[in-house]
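Student: I am new to this structure and would like a close look at one part of it, the sheet. Could you take me through its strands and what lies around them?

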Amino acid sequence: MAILPIRIMGDPVLHAPASPVEEITDEIRDLVADMFETMDAAPGVGIAAPQVGVPLRIFTYSYADDEGAPWRGVVINPTLWISPPEPGQPDEDEESEGCLSFPGERFALRRAERALLTGTDLDGGAVRIEVDGWRARILQHEFDHLGGVLYIDRISDGDWKTAQKIARKRGWGRPGQAWTPGVDDLDA
Ligand code: ZN
């Protein structure tokens, strides 16, 4: 197992649709083990294969609710259904999210309240996840990665301009930028 470098916004693999997994091989199993390790080290509540440079439709997620109950897993070749998002502006405190591929920042984004995700697990078994609230947000965020969409592609025009300024200042927004949890200090 290994902690993998996480690609940063601007790397082409983050901005193109990922391909379906044709067969669950030992390579895929190793990749998923590394994705869990990388997600936990970051730490993050989810990571998609394109974020570690692999253009395949796989993501892992891990989140504990207020009572500490764990919710954790991997989904391969997912399909997502969502409820219609409420109209209106997102709340900065309640609806801000972040991304390991735009590290250290958070922006508000309105998401659907409920999500239903289907796919397969590492053994090829059926996965069906029906959740709401923050878990539904995580699934929408990770599913977006498989379509080459970052959450900053969806934020308000004003926030997008702020994000572009941050990216310019840090040298992001071009191919080849990455950071490795436990190695790179992003606040430096
Ligand atoms: Zn992300």
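Tutor: Here is a walk through the sheet, strand by strand, followed by its surroundings. Please keep in mind that this is a predicted model.

Let's begin with the overall layout. Five strands make up an open sheet, and their order is 2-3-4-7-8, with antiparallel pairing. Strand 2 and strand 8 are the edge strands, each pairing on one side only. From one strand to the next, the twist averages 40°.

Now we can cross the sheet from one edge. Strand 2 covers residues 46–48 and is joined to strand 3 by three bridges, the two running antiparallel. Two pairs are worth finding on your screen: Ile 47 has Thr 60 of strand 3 as its bridge partner, and Ala 48 stands opposite Phe 59, also in strand 3.

Strand 3 itself spans residues 58–64 and is mostly covered, with five of its seven residues buried. On its way to strand 4 you will meet seven bridges, again between antiparallel strands. One place to look is Ile 58, whose bridge partner in strand 4 is Ile 76. Strand 3 and strand 4 form a hairpin with five residues between the strands, where Gly 68 takes a positive phi near 85°.

Next comes strand 4, residues 70–82, which is linked to strand 7, residues 114–120, by five bridges in an antiparallel arrangement. Here Leu 80 stands opposite Leu 117 of strand 7. Leu 117 is a handy residue to follow, for it also stands opposite Ile 129 in strand 8. Seven bridges hold the antiparallel pair of strand 7 and strand 8, the latter being residues 126–132. These two strands form a hairpin too, with five residues between them, and Gly 124 in the turn has a positive phi of about 85°.

With the strands in place, let's see what lies against them. Helix 1 packs on the sheet, where it touches strand 2, strand 3 and strand 4; the direction of helix 1 makes about 35° with that of strand 3.

The nonpolar cores come next. The largest one has 34 residues, and Ile 58, Phe 102, Phe 107 and Ile 152 are those with the most contacts inside it. At least two residues of this core come from each of helix 1 (26–41), strand 4, strand 6 (102–108) and helix 3 (157–170). Helix 1 gives the largest share, six residues. To see one of the well-connected members, pick Ile 152: leaving aside neighbours within four places in sequence, Ile 152 is in contact with Met 9, Phe 102, Phe 107, Trp 160 and Ala 163. Another core, of 16 residues, lies apart from the largest one, and among its members are Phe 59, Val 127, Ile 129 and Phe 143. You have already met Phe 59 opposite Ala 48 and Ile 129 opposite Leu 117.

Finally, have a look at the metal site. The zinc ion is coordinated by Cys 99 through SG and by His 141 and His 145 through NE2, at 2.0 to 2.3 Å. Along the sequence, the spacing of these donor residues is C-x41-H-x3-H. Both histidines, His 141 and His 145, belong to helix 2 (residues 133–146), where they sit four residues apart, about one turn of the helix. His 141 and His 145 are both buried.

Key. Residues are numbered from 1 along each chain as its sequence is written. This is a predicted model: local features need pLDDT of at least 70, side-chain atom pairs count only at pLDDT 80 or more; totals for chains, interfaces and linings use all residues. Side-chain values use heavy atoms; hydrogens and water are left out. Two strands pair if DSSP finds at least two bridges between them. Donors are N, O and S atoms within 2.8 Å of the metal (3.2 Å for Na, K and Ca); water is not among the atoms, so sites may look incomplete. Buried means under 20% relative accessible area, exposed over 50%, partly exposed in between (1.4 Å probe, protein chains only). A nonpolar core is a set of buried Ala, Val, Leu, Ile, Met, Phe, Trp, Tyr and Cys residues joined through side-chain atoms within 4.5 Å. Contact means heavy atoms within 4.5 Å. Axes are lines fitted to C-alpha atoms, for helices over the stretch in contact, and angles run from 0 to 180 degrees between N-to-C directions.
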